Every structure is written in C-alpha cells, then in structure tokens.
Amino acid sequence: MEENVALDSSKQKKFIKSIKGLQKTIKKKKTQATDQTPVTPKVQEEKIKKKKRVRGLVYLGHIPHGFYEHQMTQYFSQFGGVSNCRVIRSRRTGRSKGYAFVEFHDPAVAQIVAETMNNYLMGKRLIKAAYIPPDKRRWAMRYTWNPQNNPVLNTNLKLKKQYNAVKSDAEELRSARKLMKSLNKTKKKLKELGINYDFFMPVDIPEELTEIE
C-alpha cells in the first residue's frame, strides 16, 4: 500500500478545518492552564520590567532650521526604530529653540546615533549629539508642538476669524462707538498740548454716535 494518499478537494478542506479546530482547542487549554497558575511577586516584577522597556534617548543641539519632527523621524529611521521625537519650542510663539530629543526603541542604536551625529555638519551647522543614560534622564516629551498643532497659531487664527466674520448691526455700532471715543480722547490730549488738529471724521455717522465726547 502507498503511504501517501491523495484526498479529494472537499475532503481536503474538511481535513484542514479539523486540524485548525484542534490547534485552537490546544491553545485554549494552554491559556486556561497559565491563568490558573498562581502569580508570584517575581512573575509580577518580570511583567512590569517587560512593560517598562528601557529606551534610548539622544539629545540633539544646534539643529538647523527645517529639521523638525517629521524630518528627524525619516532621517534617523535608517539607524533603527524611532519611538518618539520632539523639538523643544517656545511656549509663546511655538518656534524651535534649536535643540531636540529623539527616542529609539533600542538603547544601543541611540548610542551609535549619538557617536555618529556629534559634530556632524548639516545645513552649515555642527550638530551636537549626546546619549542620555536612564539614570540622568528626565522626560523630555511633554509638549507635542508641531506646525499643525501650535497653540499660539491656533488662537491667532480664531481671532482672525472672529474679526473678519460678518457682524450684526449692534456689533457694528459697538465697534464704531469705540472708535469715536478713542478719536475724541486723542483730540483732547492734543488740545492740552496746544495742538489744534481736527481728525478726518467718517461720513454718514449715526445719530446715536454724534453726541459721544
């Protein structure tokens, strides 16, 4: 008799399904057995260590203009996996302060990057790079600012939209009243200094604003 027997297509499919079902049942039994085993403190520590995997952090100083988060992740991915990247920016303007932090999955890759990129000429600037060990490391990825997520830029855009929006009649009167008050104040100050200067007054002033002093 032949050892290898060829099955029909329908029988072959049934056979594969039965094998897959057996594999699933074996996996379920293994997971149930592991769940029933008591968790010792050593096992808990090992799980925590696995979760808190040490990553490599590199400081970059004197970076050129235009070399920001997106460009850094693309450039440094040739060395290894980049987990995070942050350019330090001004809280008021959101512009780069000239230094950044790049985080790698592997600390050995971070050390190689620090050695190769230190005193590396890029865009007429010598980049300064240094590996930050875990002992002397403080978390440097607090603010995720970039050209798309810039608080100052977003607030300025909101104010521009509010200023350029279509205003009602009451809002137009309110802004005109403020303008007339400021003009009258400057007139008074000039008269006190002995300067008689009459400002150009707008045409078609409403009756409500003619009596403002």
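**A nonpolar core and the sheet beside the helices**

In this predicted model, the largest nonpolar core has 20 residues, and the ones that touch the most other members are L60, M72, F76 and F104. Two or more core residues come from each of β1 (56-61), α3 (69-76), β2 (82-89), β3 (96-104), α4 (107-117) and β5 (125-132). The biggest contributor is α4, which hands over five residues. Take L60 for a closer look: leaving aside residues up to four places away in sequence, L60 touches M72 and F76, along with G98, Y99, A100, V102, I127, K128 and A129.

Now for the sheet. Its five strands line up in the order β2-β3-β1-β5-β4, the sheet is open, and the pairing is antiparallel. The edges belong to β2 and β4 (120-122); each has a single partner strand, so one side of each has no neighbour in the sheet. From one strand to the next, the twist averages 30°. As for what holds such strands side by side, strands of a sheet pair through backbone hydrogen bonds.

Zooming in on β2 and β3, these two strands run antiparallel to each other and share six bridges. Among the matched residues, V87 has A100 of β3 as its bridge partner, while R86 is bridged to F101 in β3. Together β2 and β3 make a hairpin with six residues in between, and G94 in the turn shows a positive phi of about 80°.

The helices come next. α3 packs on the sheet, where it touches β1, β2, β3 and β4, and its direction makes about 145° with that of β2. α4 lies across β1, β3, β4 and β5, and runs at about 150° to β5.

Notes: Residues numbered from 1 in each chain as written. Predicted model: local features only at pLDDT ≥ 70, side-chain atom pairs only at ≥ 80, totals over all residues. Heavy atoms only, no water. Core = buried A, V, L, I, M, F, W, Y, C linked by side-chain atoms within 4.5 Å. Buried < 20%, exposed > 50% of the residue type's maximum accessible area, 1.4 Å probe, protein only. Helix = DSSP H or I, 4+ residues; strand = E, 2+ residues; numbered from the N terminus. Contact = heavy atoms within 4.5 Å. Pairing = 2+ DSSP bridges. Axes fitted to C-alpha atoms, helices over the stretch in contact; angles between N-to-C directions.
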